[in-house]
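Good morning, colleagues. I should like to take you through one protein chain, from its overall make-up to its core and one of its helices.

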Amino acid sequence: MSVNPGTRRGVYQITGQIGEGGMGKVYRAGDTRLDREVAIKVIADPLVTPERVARFEREAKALAALNHPNIAALYGVEDSDGDMALVMELVEGPTLADRLFAGPLAVAEAIPIARQIAEALETAHERGIVHRDLKPANVKVRPDGTVKVLDFGLAKPLDPNSSSSIRFSESPTLTTPAVTQAGVILGTAAYMSPEQVKGVAVDKRSDIWAFGCVLYEMLTGRRAFNEMDVAETLASVLRAEVDWSRLPSELSPPIRSFLMRCLVRDQRQRLHEIADMRLALQGAFDFAAAPSEERAIATPLRPLWRCMLPIAAVVAVTGAVTALTAWRLAPKPPEPIVSRLHMTLPSGHPFYFNGRHLVAISPDGTKVAYTAGLGLWLHSMDQLEARHVPGTELEARN
């Protein structure tokens with residue numbers, strides 16, 4: 001169906017074309033009933049059947065239930081003369097593919113964009129919706145930095161119970177290099193997961209693979225899997241190794257590790273939840289995984305005396321407690337004994353010797369020696385009477 005500016009589809013007035021993809025063309029339109037601008041995507045599929053229309057409408061209802069600031073809202077579905085059209089939120093700003101055309105993004109710029117994409121995927125996965133066509137062309141970045149993920153789940157493959165392979169007419173869109181075939185819509189080869197390439201059942205882990213491809217491209221400016229034609233690109237998805245050396249050196253180890261886990265071919269070993277990647281992008285694992293020197297850089301340095309204060313306080317308190325405990329447990333010295341001595345000199349023995357008074361106390365304070373008359377007397381504190389020291393009288397006569 002040809003849609004030109006000025007064409008009306010119900011209450012929508014087409015004002016111009018703003019995009020084109022494998023599933024159809026996207027037009028800017030005015031909603032004459034609600035007085036707002038919208039985007040209308042006309043689905044170009046010659047294999048429209050009542051069964052597929054019913055299924056398409058069911059998926060559209062599920063997508064309309066998604067309410068997240070990083071997901072472009074789906075307003076409704078229009079069916080005019082057998083042509084299916086989606087009425088969506090009009091998102092201004094370039095696509096991520098447009099921004100990557102100039103080269104890789106700085107880590108500080110890429111991480112916030114990747115985090116918002118991960119938050120959008122997390123919300124969709126919680127509702128049981130898988131995007132299946134995540135790529136830079138389906139991500140827009142508004143002038144205020146808000147990321148909007150487009151076309152959620154619109155390329156959903158057949159249920160695994162109905163077929164063991166994915167029909168090309170229900171696969172995601174294909175970007176350059178492309179191979180066209182009448183009535184066939186191919187997948188975006190560079191972002192398809194190995195299970196999509198093999199045609200087996202896919203789940204949210206296919207979105208995680210595509211997310212890894214998008215983040216790798218943001219950080220390196222190159223696709224993780226990119227060859228000259230579609231066949232070689234699909235083959236590289238199944239066999240080629242990713243050149244991890246191209247990742248910027250300033251990328252944190254946790255994000256690098258989680259990104260590598262996104263691109264593991266074995267679904268069982270691949271990252272299972274995009275929420276884990278979102279946490280890594282928020283820095284939840286940076287401190288635990290960063291080397292000691294990186295932690296030192298990330299942590300503001302404090303003066304040495306401030307760093308030593310807690311240690312000094314602990315040492316002081318410990319010393320005080322130890323000293324107090326030792327003082328309480330140590331045996332207490334005996335109480336001092338106050339002694340009083342009253343001496344009565346023997347009769348006829350004056351308290352002097354050769355004209356001098358001589359008195360001495362032993363160092364331990366238990367004895368007193370003194371001269372009286374012509375001899376030396378010794379008085380013990382535990383005795384009532386002093387005793388004469390024999391031989392001292394002779395010494396005195398000399």
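Of the 398 residues in the protein chain, 41% are buried, that is, under 20% relative accessible area with a 1.4 Å probe, protein chains only. The model is predicted: local features need pLDDT of at least 70, side-chain atom pairs count only at pLDDT 80 or more, and totals for chains, interfaces and linings use all residues. Residues are numbered from 1 along each chain as its sequence is written, and side-chain values use heavy atoms, leaving out hydrogens and water.

The chain comprises 12 helices and 12 strands, taken as DSSP runs numbered from the N terminus, with helices being H or I of at least four residues and strands E of at least two.

Let us turn to the interior. The largest nonpolar core has 60 residues; such a core is a set of buried Ala, Val, Leu, Ile, Met, Phe, Trp, Tyr and Cys residues joined through side-chain atoms within 4.5 Å. Ile117, Phe152, Phe211, Met218 and Met277 touch the most other members. A second, separate core of nine residues includes Tyr12, Ile14, Val38 and Val87.

Which helix is largely enclosed by the rest of the structure? This is H3, because 15 of its 20 residues are buried. Helix H3 covers residues 107–126, and its end C-alpha atoms are 28 Å apart. That agrees with the expected 28 Å at 1.5 Å a residue, the span being 1.5 Å times one less than the number of residues. After H3 comes glycine 128, whose phi is positive, near 80 degrees.

Conventions. Buried means under 20% relative accessible area, exposed over 50%, partly exposed in between (1.4 Å probe, protein chains only).
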